[in-house]
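Q: Please take a close look at one part of this model, the strands and a loop residue beside them. How is that part put together?

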Amino acid sequence: MAAQRQPEPELDNERAGRGEPAAAGTATPPAPGQATTPATEAPEAPDAAAEVSDAAAGADTIGAAAALADLEDRWRRALADLDNLRKRYARELARERAAERARVAAEWLPVVDGLDRALAHANDDPRAVVEGVRAVREQALAVLARLGYPRHEEVGVPFDPLQHEAVKVVEDPEAAPGTVVQVLRPGYGQGEHWLRPAAVVVATAPVMQG
């Protein structure tokens, strides 16, 4: 095998002196007295991903601030609407209460008129005065009934804790135990709405003598 031929340095230097290009694969040595210039590195390109991330973070911050401001504005509007609703409800409730008081008072005006007429005839026949008072009483009971509080003074009915108040218990062989045998004070109301229960005497079973 033939040995590989190495380029002769003298030939390359001679070519360089004549301005001829150096052979392929050989580096051109610097001319005598010429300083070698180090190769400069290319500037690094900016990090595009970091810039995109910073921009996205800034946009998210602005969006979050806008959303927070919108929520705060809605909250304040809701509070204002709730306060206005509360005030309107209070005004309507006051009007309803005033109207109900006026309606109830108007129901009693005929009763007052009847009392005035009875007093106007106080010096007349006492029997006429008594009849007038009875008529006024009937008017008053009718007003209570229209308002939802009829009079109750029934005897012989079972005791009901909703409409009766037992103030006394007696032995009564003719009445069933737990039956109202006497009404001491009438009650006014119905169902679950009562101005007052009736005060009653309730029968109990006789005690057997041993």
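A: In this predicted model, Thr 179 has a relative accessibility of 14% and therefore counts as buried, the cut-off for that class being under 20%. Its place in the chain is the loop that runs between β2 (164–171) and β3 (180–185). Leaving aside residues up to four places away in sequence, Thr 179 touches Gly 156, Val 157 and Pro 158, and also Val 201, Val 202 and Ala 203. The last three of these contacts belong to a stretch covered by strand β6, residues 198–204.

The strands on either side of this loop, β2 and β3, share a sheet with β6. That sheet is open and has three strands in the order β2-β6-β3, with mixed pairing. β2 and β3 are its edge strands, and each has a single partner strand, so one side of each has no neighbour in the sheet. From one strand to the next, the twist averages 30 degrees. Between β2 and β6 the pairing is parallel and extends over seven bridges. One of the residue pairs joins Ala 166 to Val 200, its bridge partner in β6.

In general, the strands of a sheet pair through backbone hydrogen bonds, in either a parallel or an antiparallel sense.

A further open sheet also has three strands, here in the order β1-β4-β5, and its pairing is antiparallel. Its edges are β1 and β5; each has a single partner strand, so one side of each is left without a neighbour in the sheet.

Strand β1 (residues 151–152) is joined to strand β4 (residues 187–190) by two bridges, and the two strands run antiparallel. Residue by residue, Arg 151 stands opposite Tyr 188 of β4, while His 152 stands opposite Gly 187 of β4.

On the other side of the pairing scheme, β4 meets strand β5 (residues 193–196) in the antiparallel sense, over three bridges. Tyr 188 has Arg 196 as its bridge partner in β5. Tyr 188 of β4 thus appears in both pairings, opposite Arg 151 and as bridge partner of Arg 196. β4 and β5 form a hairpin with two residues between the strands, and in this hairpin Gly 191 takes a positive phi near 60 degrees.

To return to the starting point, the buried residue Thr 179 sits in the loop between β2 and β3, the two edge strands of the mixed sheet, and its contacts include Val 201 and Val 202.

Key: Residues numbered from 1 in each chain as written. Predicted model: local features only at pLDDT ≥ 70, side-chain atom pairs only at ≥ 80, totals over all residues. Heavy atoms only, no water. Helix = DSSP H or I, 4+ residues; strand = E, 2+ residues; numbered from the N terminus. Buried < 20%, exposed > 50% of the residue type's maximum accessible area, 1.4 Å probe, protein only. Contact = heavy atoms within 4.5 Å. Pairing = 2+ DSSP bridges. Axes fitted to C-alpha atoms, helices over the stretch in contact; angles between N-to-C directions.
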